[in-house]
Amino acid sequence: MKNILVIHYSQSGQLTEIVNNIARPLANNKDINVIHHQIEMETPFPFPWKKMAFFNVFAESFLQIPSKINPIPETILNQKFDVIIFGYAVWYLSPSIPATSFLTSPEAKKLLATTPVITVIGARNMWIMAQEKVKTLLKESNSKLVGNIALVDRHINHISVITIVQWMFTGKKKHYLGVFPKPGVSQKDIDESSKFGKVILEHITKDNLDNLQNNLLRKKAVVIKPFLVLADKRANILFGKWAKLIYAKGKESKEKRMFWEKIFNYYLLFAIWIIAPLVFILFLLTYIPMYGKIKRDKKYYSSVEIN
């Protein structure tokens with residue numbers, strides 16, 4: 001009997017639906033025991049978000065400063081799992097605070113040590129650098145990443161910004177104004193995500209996780225868009241400066257932190273609507289001379305390797 005732990009955190013329920021679909025082929029196998037656990041915060045984050053609450057988690061999200069999570073049941077902690085499927089969302093180009101809080105906890109280090117891990121990401125579009133941060137945390141826990149599945153909003157950047165803002169601030173996943181597409185990962189992609197579970201099942205029943213990621217890639221578990229790699233890297237540099245500034249101002253006073261969070265809000269709008277298109281033009285102008293690097297990046301970020 002194989003033991004599989006599926007652990008994740010979801011605010012909207014989207015990621016819960018995704019990991020449940022991926023785990024279904026495993027749960028339907030009589031030789032596999034699947035246990036689910038959803039990470040719970042001692043102080044839950046709101047959903048839908050209030051605007052200031054949303055910006056107030058930026059610094060800690062990006063700087064990967066954990067918050068307290070509720071204890072993981074002893075019945076889970078005292079088991080040895082053959083594989084852990086870890087689902088997380090991306091907040092501000094980093095793993096969400098609940099994901100970071102779990103990965104840095106003593107309980108996670110106990111569960112993850114020497115255990116193969118498959119990550120499942122539900123994101124708007126930029127998740128590359130968040131996954132690099134998760135890779136580092138998994139390595140620090142002496143875990144081995146053997147697979148990665150990233151489901152994203154397939155619409156163009158600016159459309160997905162408009163629709164996800166409406167979703168996050170209203171809690172309603174619907175066609176905004178009746179003309180925009182639904183936000184987030186498409187229902188078709190969510191419904192079809194069980195195909196990844198079938199690939200995982202095949203490897204687990206053969207007791208061989210080698211080459212799992214390559215077989216997941218054949219099912220398009222990860223699609224790398226080179227422009228988003230560039231944008232993610234550039235934004236990480238700038239977000240790092242903003243996060244450190246806001247965090248430092250917060251230590252001086254709550255009012256100063258709120259002031260700089262409001263300024264960051266304006267900066268974010270400027271970055272999305274002005275800077276991002278300029279970065280895209282830069283990407284197009286340098287595409288041919290950078291082709292070799294783009295090709296290497298696509299290969300690396302599709303993989304489960306860590307530099």
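## A tour from helix α13 through the pockets to the salt bridges

Begin by selecting Leu278, which sits in helix α13, the run of residues 254–285. Keep in mind throughout that the model is a predicted one. With a relative accessible area of 53%, Leu278 counts as exposed, because the cut-off for that class is over 50%. Now extend the selection to Tyr266, Leu269, Phe270, Trp273, Ile274, Ile281 and Leu285, which together with Leu278 make a nonpolar surface patch of about 860 Å².

**The largest pocket**

Stay with α13 and turn to the largest pocket, whose volume is about 1300 Å³. To find its centre, select Phe54, Tyr92, Arg124, Ile164 and Leu268, which lie nearest to that point among the 49 residues of the lining. Which helix supplies the largest share of this lining? The answer is α13, which contributes ten residues. Colour next the other elements that each give at least two residues to the lining, namely the helices α1 (14–27), α2 (51–56), α8 (157–170) and α12 (226–252), along with the strands β3 (83–91) and β5 (116–123). If you then colour the lining by residue class, you will find 37 nonpolar residues, nine polar ones and three charged ones.

**The second largest pocket**

Move on to the second largest pocket, which holds about 620 Å³ of space. Here the residues to select are Asn125, Val152, Asp153, Lys225 and Leu228, which lie nearest the centre of a pocket lined by 28 residues. Helices α8, α12 and α13 each supply at least two residues of this lining, and so do β6 (144–152) and α10 (194–205). In the lining of this second pocket, 16 residues are nonpolar, four are polar and eight are charged.

**The salt bridges**

The last part of the tour follows charged side chains, for which a search of the whole structure finds eleven salt bridges. Select Lys2 and Asp207 as one of these pairs, and look for the closest N and O atoms, which are 2.8 Å apart. This pair links distant parts of the chain, since Lys2 belongs to strand β1 (residues 2–8) while Asp207 lies in the loop between α10 and α11 (212–218), 205 residues apart. Lys2 is partly exposed, at a relative accessible area of 23%, whereas Asp207 is exposed, at 60%.

Go next to helix α7 (residues 128–140), where Lys135 and Glu132 lie three residues apart, about one turn of the helix. Their side chains meet in a salt bridge with an N to O distance of 2.9 Å. Are these two residues buried or exposed? Lys135 is buried, with a relative accessible area of 4%, and Glu132 is buried as well, at 15%.

Then select Asp297 and Lys233, whose side chains form a salt bridge at 3.6 Å, N to O. Here again distant parts of the chain are linked, with Asp297 in helix α14 (residues 291–302) and Lys233 in helix α12, 64 residues apart. Asp297 falls in the buried class, because its relative accessible area of 17% is under 20%, while Lys233, at 23%, counts as partly exposed. As a final stop, select Glu60, Arg257 and Glu261, which are joined into one network by salt bridges that share partners.

Conventions: Residues numbered from 1 in each chain as written. Predicted model: local features only at pLDDT ≥ 70, side-chain atom pairs only at ≥ 80, totals over all residues. Heavy atoms only, no water. Patch = residues over 30% accessible without salt bridge, like charges linked within 9 Å, V, L, I, M, F, W, Y side chains within 5 Å. Areas by Shrake-Rupley, 256 points an atom, 1.4 Å probe, with all protein chains shown as cover. Salt bridge = Lys/Arg side-chain N within 4 Å of Asp/Glu carboxyl O. Helix = DSSP H or I, 4+ residues; strand = E, 2+ residues; numbered from the N terminus. Buried < 20%, exposed > 50% of the residue type's maximum accessible area, 1.4 Å probe, protein only. 1 Å grid on protein atoms, 1.4 Å probe; cavity = no way out; pocket = protein on both sides within 12 Å on 5 of 7 lines; lining within 4 Å. Points joined across faces, edges and corners; volume = space filled by probe spheres on them. Nonpolar A, V, L, I, M, F, W, Y, C, P; charged D, E, K, R; others polar.
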